[in-house]
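Let's take a walk through this one, from domains to core to chain contacts. Have the structure open as you read.

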Amino acid sequence: MPITRGFRRRAESPGDAALPPGQYLTPGFPVLSAGPTPHVPLDAWRLTVGPQSWTWDEFLELPSESITVDIHCVTSWSKLATNWEGVSVDTLLEGLEPGAYVMAGSYGGYTTNLPLEDLTDGKAWVAYNYEGEPLEPEHGGPARLLVPHLYFWKSAKWVTELEITETDEPGFWETLGYHNYGDPWREQRYWGD
Amino acid sequence: MSSATGATERRIVGWQPATVREVIRETPSATTLILDVPGWRGHRAGQHADIRLTAEDGYQAQRSYSIASAPEDGYPSITVERLDDGEVSPYLVDDAQPGDALEIRGPVGGWFVWETSDGGPLMLVAGGSGVVPLRSILRHRALAGSDAPARLLLSARAPESVIYRDELAGADTTITYTRSAPDGWTGYARRVDRDMLAAVGFAPAERPRIYICGPTAFVEGVAADAVALGHHTDRIRTERFGATGG
């Protein structure tokens with residue numbers, strides 16, 4: 001591959017052992033959204049998973065977990081050891097018929113698709129606190145999906161529904177050039193990766 | 001694994017070698033690089049591309065940048081703003097020279113785009129170097145001969161920080177200076193707010209397509225103002241470049 005004359009790693013650049021290929025560390029918490037940030041009043045908020053639905057107060061009564069995970073955005077930034085609090089998707093799925101796929105739907109119309117098995121066994125949460133504070137609207141509050149082992153667009157902000165399906169349909173970014181699955185360790189950024 | 005579903009016929013092309021053809025110093029902190037990319041398959045106005053640099057020791061770094069050129073230009077160009085603590089942007093802004101080799105992947109992104117068939121009116125709102133993809137849209141509009149009405153509202157810190165100043169100058173461009181304005185300036189000299197957006201933009205009844213690009217706080221504020229003025233959220237597209245810095 002071509003060498004870029006004069007380009008070199010900056011001395012303070014962190015080691016990349018903990019990072020998926022092509023990623024770099026950011027100290028900030030960048031925001032990516034396709035449109036205006038929805039502002040969802042808590043008394044109107046609902047989370048629907050299959051036939052079940054929770055109000056905000058009901059949701060907060062569900063057992064929650066503290067989660068410390070690395071997150072990886074497809075635009076190449078990663079952030080290590082982020083701290084969240086939320087409800088495991090395993091808890092939300094209790095008692096439901098199994099399915100094969102999930103379409104996550106958000107306030108504002110965003111969607112993203114995932115295999116159901118990527119949301120179970122302690123791999124995914126609906127998170128509402130970030131670093132000990134209520135999740136800011138621009139970062140997906142009141143609550144967002146958190147699926148840290150996939151690129152972060154799969155962690156739908158402002159999530160309001162997990163629709164369980166038998167067939168896989170591409171969501172918003174997945175129809176616009178981004179990979180259907182999005183594993184950062186296999187660098188599945190775009191169609192065909 | 002579902003990775004093949006829906007993507008079997010569609011591919012984003014892989015990394016392609018690129019050579020810097022021309023370097024344009026836009027402002028003290030922003031540089032445009034025009035790239036020669038053999039086999040470049042073209043792009044839509046508003047899309048972005050990933051750029052990858054390789055050091056002599058094999059170390060690589062990649063970042064995502066908006067494409068600044070129009071589809072009609074036939075080449076991709078990027079305009080990069082220097083982030084002082086960044087690793088890639090200082091190189092691209094200060095060190096890159098014609099003939100330098102790098103790699104490009106793209107174009108990418110099918111949302112923050114505009115084509116002449118989308119029509120207008122177009123309301124473009126930029127904060128700082130957020131003007132880059134909007135310049136691609138305006139340039140596409142001009143080169144394609146579109147008659148869609150278009151207005152640009154550009155927020156800049158100071159006169160010397162306006163990218164593409166000469167190209168964008170005109171009756172449909174409104175600049176507001178947030179830190180220092182030229183002597184004798186009678187235009188806007190404050191951050192974009194609801195009143196300014198209402199005065200400069202199209203009325204909600206005209207159903208403009210609104211494109212907003214800039215730092216996160218800028219985009220959050222302008223998008224919220226647009227919604228508050230009565231513009232439908234479906235007509236508002238946003239792009240934030242905080243994520244692609246470095």
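Keep in mind that this is a predicted model. Chain B splits into domain 1 (16–108) and domain 2 (116–244). The C-alpha centres of domain 1 and domain 2 of chain B sit 23 Å apart. Where they meet, domain 1 of chain B puts in 18 residues and domain 2 of chain B puts in 15 residues. On the domain 1 side, strand 1 (16–27), strand 4 and strand 5 (77–81) of chain B each bring at least two residues. Strand 4 of chain B has the largest share there, with four residues.

Now for the other contact: 44 residues of chain B touch 41 residues of chain A. On the chain B side, the elements giving two or more residues include strand 3 (48–54), strand 6 (101–108) and strand 11 (236–240) of chain B. Helix 5 of chain B gives the most, five residues.

Here is the make-up of two of these sides by class:

| Side | Nonpolar | Polar | Charged |
|---|---|---|---|
| Domain 1 of chain B, touching domain 2 of chain B | eight residues | six residues | four residues |
| Chain B, touching chain A | 18 residues | 15 residues | 11 residues |

What about the inside? The largest nonpolar core has 106 residues, and those with the most contacts within it include Val126(A), Leu124(B), Leu134(B) and Tyr211(B). Domain 1 and domain 2 of chain B both contribute residues to this core, so it lies between them. Which residues does Tyr211(B) contact, leaving aside its neighbours within four places in sequence? They are Phe112(B), Trp114(B), Leu124(B), Leu134(B), Ile137(B) and Arg237(B).

How values were computed:
Residues numbered from 1 in each chain as written. Chains lettered and ligands numbered in written order. Predicted model: local features only at pLDDT ≥ 70, side-chain atom pairs only at ≥ 80, totals over all residues. Contact = placed C-beta atoms within 7 Å. Nonpolar A, V, L, I, M, F, W, Y, C, P; charged D, E, K, R; others polar. Core = buried A, V, L, I, M, F, W, Y, C linked by C-beta atoms within 7 Å. Buried ≥ 20, exposed ≤ 12 C-beta atoms within 10 Å, placed from the backbone. Domains from an automatic or database assignment.
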